[in-house]
Amino acid sequence: MAKILVIDDHAVNRELIVALAGYEGHEALEAGDGAEGLAIVRAQRPQLVICDILMPNVDGYEFVRRLRADPEIAHTRVIFHTANYHEREVRHLAGILGVSRILVKPCDPEVIVRTIAEVLAEAARENPPASDAEFEREHLRVLTDKLAAKAEELERRAEDLASEVETRKLAEAQLRRVLRARKVMAECNRTLVRATDERRLLADVCRFLVELGNYGIAWVSLAWHDADCTVETVAAAGEGAALLKSFRFSWGDNACGNGPVGEAVRTREAQIVRDIATDPRVGRWREAALGRGYQAAAVLPLVFEHETFGVLCIVTREKEAFDADELELLGELADDIAYGIHTLRARVVQQRTEETLRLRNRAIDESINAIVISAADREADNPVLYVNPAFTLMTGYAPEEIIGRNTRLLIGNDWDQPDIERLREAVRRGRDARVVLRCYRKDGSLFWNEVSLASMHDPSGRVSHFISIFNDLTDRKRYEAELEQQANHDALTGLANRNLLNDRLQQAMIRAQRNAGAVAVMLLDIDRFKLINDSLGHAVGDELICEVGRRLAACVRQGDTVARLGGDEFMIVMPELWAESDAASLAAKVLQAVSAPMRLSGHEMVVTGSLGVALYPRDGESAAALVKNADVAMYRAKEQGRNDFRFYAPEMNARMLERLELENGLRRALEQDELELHYQPKVELANGRVVGAEALIRWRHPVLGMVSPADFIPLAEETGLIVPIGEWVINTACRQLKAWREEGLTGVSVAVNVSARQFQQEDLVGVLGEALRASEVPARQLHLEVTESGVMSNPERTIVILRTLKDIGVLVSLDDFGTGYSSLNYLKRFLIDSVKIDQSFVADLTTSSEDAAIARMVISLAHSLNQTVVAEGVETEAQLDFLRRHRCDEMQGFLCSRPIPAVEFANLVRGGACLPLPRVSRLH
Ligand SMILES: Nc1nc2c(ncn2[C@@H]2O[C@H](COP(=O)(O)O[C@H]3[C@@H](O)[C@H](n4cnc5c(=O)[nH]c(N)nc54)O[C@@H]3COP(=O)(O)O)[C@@H](O)[C@H]2O)c(=O)[nH]1
């Protein structure tokens, strides 16, 4: 019989042991936990305690530890009755704590009874408990283990929790992906609706996928149906998108087409690359993708109406991407994009079509060419259906006045046009044509119409309409006519110019050759035209040329050509000449017409012409030769007295050559000092004294001997050589005056001739001033003899020059007075010092009452203007007598002396101022 304490926080467990102990005759005590149990042990001192381990407050271990710690009760036997499944640990701690047995709940009652019995039996034997330190250590270890177990359990729970969290995370990620795919879709759809540009739309889609969808790269490639089955990337976004350029994709059955892109195009099914690292379809871009952390990819075909025209490719860094839900959405997105692109393309095509249509309409409406559309309906007379506004502008007909009618309305009655038949033929055969017609506006005015006709066909190929474009060529025709006129006619007279003349001459020569006929070429030059031009001005000169042109045109037959070659030169081509006399008749008629009096700008005048005739083929076989020879003949006519015509003769060429040689020789003469001055004395009639001399040029030609100035001065004037020659004369005369002065001849003056051309030279005054300065000769000793033509060409300028000469002190004589066109008014204003009566009047002074009257009038006029009168060319005493009687002041002439070299002149003056003239001597 023993006292047994049962400690358990569960009453049922206590009751079972208590019942068993009671059945075995033991006294059973009960406690709900360790603390209560200890109190009972101390108070009742049971031999055995059957104790649960896991209890509130003080558990089984603590109970035993405190039990062993109390020496009074330390020896008490303890059995653990526990459900704790940590059996190894329990046994270990139980061992340390000196727990006798461990009964594991639920335990067979028999085992309980037997165990109680055994332990009680052992209790009888001494079984000392373990030490405190060892217990502490062991207890600590047990606690640690317990903690470890707890930790392990917690870890397990944490793992479970983590797994649960992971599952939730995955779900969340999946949800996120779906959400973002929806977001991308929503944004893409919004953009699709507004899109106007395909490439921009695709770029936006790719950007949304990367920015909103958080995908790594997104790109769209278009699949072309070309020979290489090219797949061209047209839009891309994301990190590494630029790399795409270096990869070639294709959807063909080739190395580049074996990847998911080619596959998606071919199969029209989405291709998913779950693991870029291992998927064998990923080709050369695997490394680049992995290098950027990309894990998976989806290639979605863009299909419209069973045709794949591209792919949408999406690459992501997420491993678990592209689950079924996400793929479904991305597939929808690809379909939307495909549809959007198709719609956009259709819209673009439609817009282009509409724009083209609008443009065409505008082009037709705004075309400066008239456009007419007519129905190809012969029965209805091909009526006009449409005309553009330019038609009305061009023709004056409003649309309602032409629509329903035929365009032949514009032809009026002008049916004799070869192009009308061509146009008709084109309409009959339904062919295109371009013709130029004379058409008539509503107001009846003519316009040149270039009509371009094109036929339009209906789907069956039948000509349904005609479209005609009218181009008004009137201005162009006018312009062409003007150009033709300018190119072939002289602007001043409207006569043919050299171009047209050459053309006509060529044609005439060809015809003459064919018919064994002849052609006359006549060259007319107006005599002394330069004089008229210079003295009366260019406007009068132009008038004169026009008048002569008119007169020539009036003389010729139809078929002859009158041309102006320039200046005062005219040419007449007389084709089909049968007799030389016909040419002579025409030449005479022309000269007569030219010399008929004419009135130009208030001037009554008579001009003459000189004319040369050359005949084809006799005088030349080319146009150039004929013109040249007519020119030679004309010069001959001039040389031989003007106002006449000459037929060309071969020997005339020799004369021309002479002229040429003379010109060259004259140039050389200046350089090689072949010129010299002779001096013709001027004698005062009152006392017979030599008061001066006229310097007259002479050319000592090395071969020809002395050449008369009458032979070379006109040529020098023509060629301009007169200017340097005149300068030489002034300088030489001044040097001679200086020499004479140095020899003591101080009282004589020298007059130099100044030609018209030289007189108008800018630097005449400068040349004079320099010559006087260099020779130190007083200016009054130098006289200038100017001709009427020289001063009258520009009277206002003459006045200025003469005033300057006056300022210098040089005296001026008007030479050859009475032969030109001097105005008496100018004679007064010109500040002339003396007037020279031309020798042509002096010659007939005693035989012609007119010349005598002119001489008297000149003397009286000059005297009234305080001018000295010099008579030139005095050869007879009768002339001298006349001049003396009419109080002429000075004379010059062979009666007194011919022009003589300087030395002779000096001797003459030194020999006595008076010349041995019987009548003159009587003056004294
Ligand atoms: N611009 C220049 N013209 C000059 C110059 N030297 C001469 N001339 C001009 O050449 C023309 C011919 O001159 P020339 O042969 O010297 O004849 C002159 C006289 O010799 C000649 N004369 C003089 N007296 C008589 C005479 O009694 N009878 C007659 N038959 N002839 C005579 O007259 C000419 C002078 O004429 P003009 O000059 O009009 O006084 C001639 O036009 C010269 O002007 C020159 O340096 N520069």
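This section describes the ligand site, the aromatic contacts and selected backbone features of a predicted model.

The ligand is surrounded by 22 residues, and the closest of these are Gln680, Gln839, Glu872, Glu875 and Phe894. By class, the shell consists of eight nonpolar, seven polar and seven charged residues. Three secondary-structure elements each supply at least two residues of the shell: strand 25 (690-701), helix 21 (709-719) and strand 29 (811-817). Strand 25 gives the most, with four residues.

Several short distances link polar atoms of the protein to the ligand. On the side-chain level, a polar atom of Gln680 is placed 2.9 Å from a ligand nitrogen atom. The side chain of Glu694 has an N or O atom at 3.0 Å from an oxygen atom of the ligand. Phe894 takes part through its backbone, where an N or O atom lies 2.8 Å from an oxygen atom of the ligand. The ligand taken alone exposes 810 Å², and the protein buries 80% of that area. The ring of Phe894 is also in contact with a charge: Arg898 lies over its face, at 3.8 Å from the ring centre. A second arrangement of this kind involves Lys477, which lies over the face of Trp448 at 4.4 Å from the ring centre.

Across the whole structure, a search finds 10 aromatic pairs. One of them is formed by Tyr215 and Phe322, with 6.2 Å from centre to centre and 5° between the planes, and is stacked. Tyr215 lies in the loop between helix 7 (198-211) and strand 6 (217-223), whereas Phe322 lies in the loop between strand 11 (307-316) and helix 10 (324-366); the pair therefore ties together parts that are 107 residues apart in sequence. Tyr215 counts as buried because its relative accessibility is 2%, under the 20% cut-off. Phe322 is likewise buried, with a relative accessible area of 0%.

The pair of Trp740 and Phe905 has its ring centres 5.0 Å apart and its planes at 35°, and so counts as tilted. Trp740 belongs to helix 22 (residues 722-743) and Phe905 to helix 31 (residues 902-910), so this pair ties together parts that are 165 residues apart in sequence. Both Trp740 and Phe905 are buried. Together with Tyr679, Trp740 and Phe905 form one aromatic cluster.

Attention now turns to the backbone. Most residues other than glycine have a negative phi, and most peptide bonds are trans. Two peptide bonds that precede proline are cis in the model, as described below. The bond joining Lys105 and Pro106 is cis, with omega at about -15°. Pro106 is located in the loop between strand 5 (101-104) and helix 5 (109-124). The bond joining Tyr616 and Pro617 is also cis, and its omega is about 0°. Pro617 occurs in the loop between strand 22 (609-616) and helix 19 (623-639).

Positive phi values are found at Arg528 and Glu776, neither of which is glycine. For Arg528, phi is near 50°. Arg528 is part of the loop between strand 17 (518-526) and helix 16 (529-536). With a relative accessible area of 52%, Arg528 is exposed, because the cut-off for this class is over 50%. For Glu776, phi is near 55°. Glu776 sits in the loop between helix 24 (764-775) and strand 28 (782-787). A relative accessible area of 63% makes Glu776 exposed.

A further side-chain contact was found in strand 16 (residues 463-472), which contains Ser464. The side chain of Ser464 makes a polar contact with the side chain of His465, at 2.9 Å. Ser464 is buried, with a relative accessible area of 15%.

Terms used. Residues numbered from 1 in each chain as written. Predicted model: local features only at pLDDT ≥ 70, side-chain atom pairs only at ≥ 80, totals over all residues. Heavy atoms only, no water. Near = heavy atom within 4 Å. Polar contact = N/O pair within 3.5 Å; in protein donor to acceptor, adjacent residues only side chain to side chain. Areas by Shrake-Rupley, 256 points an atom, 1.4 Å probe, with all protein chains shown as cover. Nonpolar A, V, L, I, M, F, W, Y, C, P; charged D, E, K, R; others polar. Phe/Tyr/Trp six-rings, centres within 6.5 Å; stacked < 30°, edge-to-face > 60°. Buried < 20%, exposed > 50% of the residue type's maximum accessible area, 1.4 Å probe, protein only. Lys NZ or Arg CZ within 6 Å of the ring centre and 35° of its normal.
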